[in-house]
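Biologist: I would like a close look at a single part of this model, followed by how that part sits in the rest. Please keep it plain.

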Amino acid sequence: MWRTFSLAAAIVSLALPASGAEVIEPVNKRFAAEDVKEVPDFRTHVAPMLGRLGCNSRSCHGSFQGRGGLRLSLFGFDFKMDHDNLATGEDSRINLETPADSLMLLKPISDEFGHGGGHRLDEGSWEHRLFINWIKSGAKPVPADHADLTRLEVTPTEILFNKQGQTRQLRVIAHWSDGSSEDVTPLSRFQSNSGQVAGIDQAGLVTSAEPGDTHLVVFYDSEVVPIPVVRPVTDRIGPKYPKVPTPTRIDTLVVEKLRKLGVVPSDLSDDAQFLRRVSLDLTGTLPTATQVETFLADSSADKRTRKIDELLETPGYAAWWTTRLCDITGNNDDNLNNVVPVRGRASQDWYDWIHRRVAENVPYDELVSGIVTAVSRDDGESFTDYSKAMSSLYNPDNKSSYSEREHMPHYWARRNFRQPTDRAIGFAYTFLGIRIQCAQCHKHPFDQWTQNDFQQFTGFFTRVSSGTNPASREEYDKLQKSLGLEGKRGNQLRRELPRLLREGKTVPFQEVYAIAPRRNANNGNKNNKNLKRMKQQVAQLEASIEKLKEGDDKKQLADKQKQLAAAKQRIKRFAAQANRRRNGQGAATAKLLGGDVVKLTEHADAREPLMQWLRDPNNGYFARAFVNRVWANYFNVGIVEPPDDLSLANPPSNKPLLDYLTQGFIDNGYDMKWLHREITSSRTYQLSWQPNETNAKDDLNFSHAVPRRLPAEIAYDALKSATASDAIALAMHGSMEGRAIAIPGAGIRRNSTSYALQIFGRSVRDTNCDCDRSSDSSLLQTVFLRNDNEVLTMIDSGRDSWLSQVNRELTGKPLATARNTGNQRGAANIARNIANQKRRIGQAKKDGNDKLVKRLTQQLKRYKSRSQQTQKPRKQKTEEKSTVETKPADKASLVRQAYLRTLSRYPSEAELSRSISYVDGEENIVDGLRGLMWALINTKEFIVNH
Amino acid sequence: MATFKTCDGMKRRDFIRVGALGVGGLSLANYLQMTDAGEVKQPRAKAGIFINLPGGPSHMDTFDLKPDAPKEYRGTFNPIQTNASGVEFCEHLPKLAQCADKFAILRGVTHTLGAHALGSEYVNTGSRPLPALEYPGYGSVFTKEHQGPADLPPFVTVGNTSRQKPGFLGVKYAALATGATPRAGQPFGVRGVSLGNGLTVGEIEKRQSLLGDLDKTFAGVEKNNQLLDGLDRFSQQAYSIITSKRARAAFDVSKESPDFAKPFGEDAFGMSCLLATRLVEAGVGFVSLSLGGWDTHQDNFTRLKERNLPPLDTGLSALLTGLEQKGLLDTTSVFVTGEFGRTPKINTRSAEGGRDHYPRCMFMLMAGGGVRGGQVIGKSDDKATLPAATGYSPDDAAATFYHSLGIDHTKEYHSKTGRPITIVRNGQVIKELFS
């Protein structure tokens, strides 16, 4: 084949690669001799060389605007564009007659020619000779039958350093589909994922730096290969490594890695730490004081395992993990506007549908299948039946739930999920945990994906639509007519529908439906003919206009000019259509990422083969992405971190561990509870956060628990339950009513919790990134906890608070809400409530919802009377408080309660006495406890999970 | 031991953590590093005020009148002379007409997003919205680029309708939202800053001392964990804000002298404007406020004349005059805009007609921070349907706003997925505004 003939002379057998074939020696050797005659190849040598010299980087010619009039594809791999721009046209940088005078060479060699990128190339270097020889032989593009890169072999496959400054040379061999192999070390790009641990230079020489572990990454052609490098942190490796208990498979795999690093895991966490951690992680809920005491008092050996089993059956588990699944699937209310006729309902449907399946522990693949292959109508349902069923679900008196339906189609109806490209990106993010958006515009810099891969993948997303199904137009019109809504559209229609639904009428619903494949999806020839015809027409018109300009017939001229404008417009529209088609719409075939080409015409729904592929045991992403995300929930970082970036250049920190869990998850039928149980039952999960001298700096290998800020919803709920009366705190475990972890959709909702959730970084579910949820700390969060009226009120007032409960127990009376009346903040709050309420009433009136208007009006009355109260002069504090302490209080016991309900542990002796002395310094016990509760929820220990 | 990589193949050196635990406080260290190193630029304006007019104010009935246009376009309002020669605008903005020398009018601004949410996101960020990326609002970028006094929140939005969001910059650059708007002559407290529930500074100090004694669980490991370290630092700053008399006073509009407060009127927008001047005077870096109700599909003229123009006229003129009185106008950059203009041709859906969404032609206002007032930049065509020449985009306006705030709008950030993002990618600074 083509590759071998020109190189035959250059083959010198060096070391034998694993495959046993001869390896062509590297270009820097072959082109070392001045009289070298070899002709290099554009794809194999010239293009990678441009990458190595930095020519196609983003700040240089890789920029989308190009630089100095030359644009190269970012990160290479668009060989046609690169060759065209370099070697063809008026702007060609190639001089075939005197190759050495080619601008491509002159500019990077000498300053004379004003190269913005400066000096990059030396005359007489092997690089220079390689370029010259390519130009001399005609600067040929990549031949159509070019061999494919089958494998990139990098040796050594793993590096173990033991002291600073040690070096190792990487060697890179490309294996091609024509059977040839070449040492491409001088043509590869290298990168270290952490310069802290090891550096790597342009030539692939690795130098050891600080102790730790990371990966070196090698790039050549489309391939990306990571090589692990380890330098032990201590000398406690091999036989010196202490005996560490590894009761589960997870522990064995984690410790295997730690043993290489000389890192010893922390001790097991104590029971209180474990209970708080696992309750927050698994169920998003702080344990109650009683739950903590019961657990601590339990002396049975299997109490942790039983606790995990118990928590997996709680409503908190279902609610919190539904919230997490809503995060990654993108349940955002703002993007679901008008998908159904009732505002807010679509996101509620979404939440309910997933919730039912999480609660029933439906296998993950089945749950996903109900989303991926979703159409709005259940099997065999007509449009009228569908609308009837939905209308009855949306009737306020209805008792059954949307979750009983087969599919959850809203995923496909989102405003930001209409274009095939947006769908491809979002789908890959959600179900594969990869970021293919980079490949939309250029070769993925950290993965194998090319633009071509991306475009072909979008084909799967071209045959599903949402709105009014043209196939049911007749039924739709009939239904609309029967409701007297003929001709009403848009907002006019939307205003009527909620009212009709409340009256129990059947209204037409929008639907998500699959578009059946056309027989002849590829109309390329026909299109070309059409375009040709249109262009001819334009030419004719232009000619006749020229003629008419000479004559007098102004009217005919004007007519023709109008016709010309219209014809040009048609061509433009046609070209835009063709462009859309090329971008994937109506594609006849589509290609799975890293997989097969699928003939879409053979499937009634293009998403069927997509779902089959997700379930394919060889799919390296689907189960893995979920397992890794669940792991990240428990350990602060994923085994792959960031958890939604499963790219080749971002390898797992512990591959055997991720492999084991992924395989286990699949073998157990995608059982989500199995996964949670497997992880939380491991000793690794139950380790203390307290580091030892070997693992303090480890943040990637799970040698100790890492304190992490509570997620927004959990933090908010924790504040509420910590400050609430015993009864309310317990009720928060049983019912999810009013819980932040049960808010269905993200989006801009005006409810009292939204400010807190926003500043604590709830996921808005809008950007295809797990980082949409933030775990950062911020000033506003701290200010909120310290001094926001919302928090102070939680601690302080109302019969539902723990303080009030204590007061009742001590005095027989609930706590007077003195502190909440007559203060400015309360007044402002009430004023705001009144304003909001008025707005809501207005909206409800508009919607014609009389019931709601009535309810809201009553509330408004209450607000107004409260507002009047706040205007009254404030009573003396002491008067109201004089009733406290009619019964002698057990201060120590109250302080213990305060600790249990906030930090889920007993106070130490020192903490107890400091707390009591604070309480003693206040006017009365309740005041003292108020300050103590404030201090406790403001400790770092409260707001982090540890 | 972890690195973040960017889409362009460069590693984010500034994000590489040195032997640290947790990802929580990444940003903080970055932020502190930046300020420690003195990389925060000396801005032209020291503060910014963004006034949003959500709903989309009719350009033809406010600052871009076309008295000679055909009847079905023209509308019923007449232009009046202002104190800036050659500058004329709507008769129902008489107070603004008296201080037209303090602000510049940008006409013939044009874009193509005719939906409220999209248009709003566009004018609040200067970048055309993308489905998979949320751009940060001006206030968040400003907060990232400037460090304010330790005892004041750096970025405040008045009311709860702000569309100034931190986007991909993350929660640490979010605004403190006051929730309510202040009421004339009444003490105004704001969440987190005012002492709530009858607390006194003395009590806070006692509690803080208790907290200091109890918050010892992680003693010794904080330095290895950026989250814990960050919580400690924020704790300090929160404490100084809460105990700061200056911060509380800044929010309390009732402390303003009656003479100064009077021109602001008594409605919510006027009070918000008054609050904005106080906050800027105290040293808050960025304030955003809004005046809604501009979506005049029906009864355009009555609604503008009776409901919308008077508060805008009163509030904005008082704000500009007030800033100047306090000597703050030169160092405060003010930007006023809605999400689009309204259809030049009057619709006939209501008795007197209305105007619908129209992004192709709109106006914006700019003042302070080096902008020369009393001039009109840009021009729309005869019927205000399109810019007369090339026109300006919201990107240009944003670039200009950033420029006056001393921020290089071509600076690059990285999105949370590591993609390089220019603050304003497609904008050009409108130099004429500063001449």
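Which residue follows H7(A), and what is the sign of its phi?

Modeller: The model is predicted. The residue that follows H7(A) is A:Gly262, and its phi is positive, near 70 degrees.

The helix itself comes next. H7 of chain A covers residues 249-261, which is 13 residues. At 1.5 Å a residue these should span 18 Å, and the end C-alpha atoms are 19 Å apart, which agrees. Its buried residues are A:Ile250, A:Asp251, A:Leu253, A:Val254, A:Val255, A:Lys257, A:Leu258, A:Lys260 and A:Leu261. The list holds leucines, valines and an isoleucine, but also A:Asp251, A:Lys257 and A:Lys260. These buried residues pack against two strands of chain A, E10 (212-220) and E11 (223-231), and against two helices of that chain, H25 (655-667) and H26 (672-680).

Strand E10 (212-220) leads to the core. The largest nonpolar core has 331 residues, and A:Val218 and B:Met366 are those with the most contacts inside it. At least three residues of this core come from each of domain 1 (42-136) and domain 2 (149-237) of chain A. As a general matter, nonpolar side chains in soluble globular proteins tend to be buried together. Setting aside neighbours within four places in sequence, A:Val218 is in contact with A:Leu152, A:Val154, A:Leu170, A:Val172, A:Ser188, A:Phe190, A:Val225 and A:Ile227. Chain A also has domain 3 (524-582) and domain 4 (822-874). Between the C-alpha centres of its domain 2 and domain 3 there are 59 Å.

Another helix of chain A can be set beside H7(A). H37(A), residues 909-921, has 13 residues with an expected span of 18 Å, and its end C-alpha atoms are 18 Å apart, which agrees. Within H37(A), A:Glu911, A:Arg914, A:Ser915, A:Tyr918 and A:Val919 are buried. Seen down the axis of H37(A), the buried residues fall within an arc of 140 degrees, so they line one face of the helix. On the other side, A:Glu909, A:Ala910, A:Ser917, A:Asp920 and A:Gly921 are exposed. The cover over the buried residues of H37(A) includes H36 (891-903) and H38 (925-937) of chain A, together with H6 (201-214) of chain B.

That brings in chain B, which has twelve helices and 14 strands. Of its 435 residues, 58% count as buried. Among contacts in chain B with a separation of 6 or more, 73% are between residues 24 or more positions apart. B:Asp151 gives a local case: its place is in the loop between helix H5 (138-145) and strand E5 (155-157) of chain B. B:Asp151 has 20 other C-beta atoms within 10 Å, and 20 is the number required, so it counts as buried. Not counting residues up to four places away in sequence, B:Asp151 touches B:Ser240, B:Ile241, B:Ser244, B:Arg246 and B:Ala247. B:Gln236 is 85 residues from B:Asp151 in sequence, with 9.7 Å between their C-alpha atoms.

Last, confidence. Chain A averages a pLDDT of 88, and 90% of the residues score at least 70. Two of its stretches stay under 50: residues 1-17, with 29 contacts beyond four places in sequence, and residues 818-825, with 30 such contacts. Where pLDDT is low, the predicted coordinates should not be read in detail.

Conventions:
Residues numbered from 1 in each chain as written. Chains lettered and ligands numbered in written order. Predicted model: local features only at pLDDT ≥ 70, side-chain atom pairs only at ≥ 80, totals over all residues. Helix = DSSP H or I, 4+ residues; strand = E, 2+ residues; numbered from the N terminus. Buried ≥ 20, exposed ≤ 12 C-beta atoms within 10 Å, placed from the backbone. Contact = placed C-beta atoms within 7 Å. Domains from an automatic or database assignment. Expected span 1.5 Å × (residues − 1). Arc of directions from axis to C-beta. Core = buried A, V, L, I, M, F, W, Y, C linked by C-beta atoms within 7 Å. pLDDT = per-residue confidence, 0-100.
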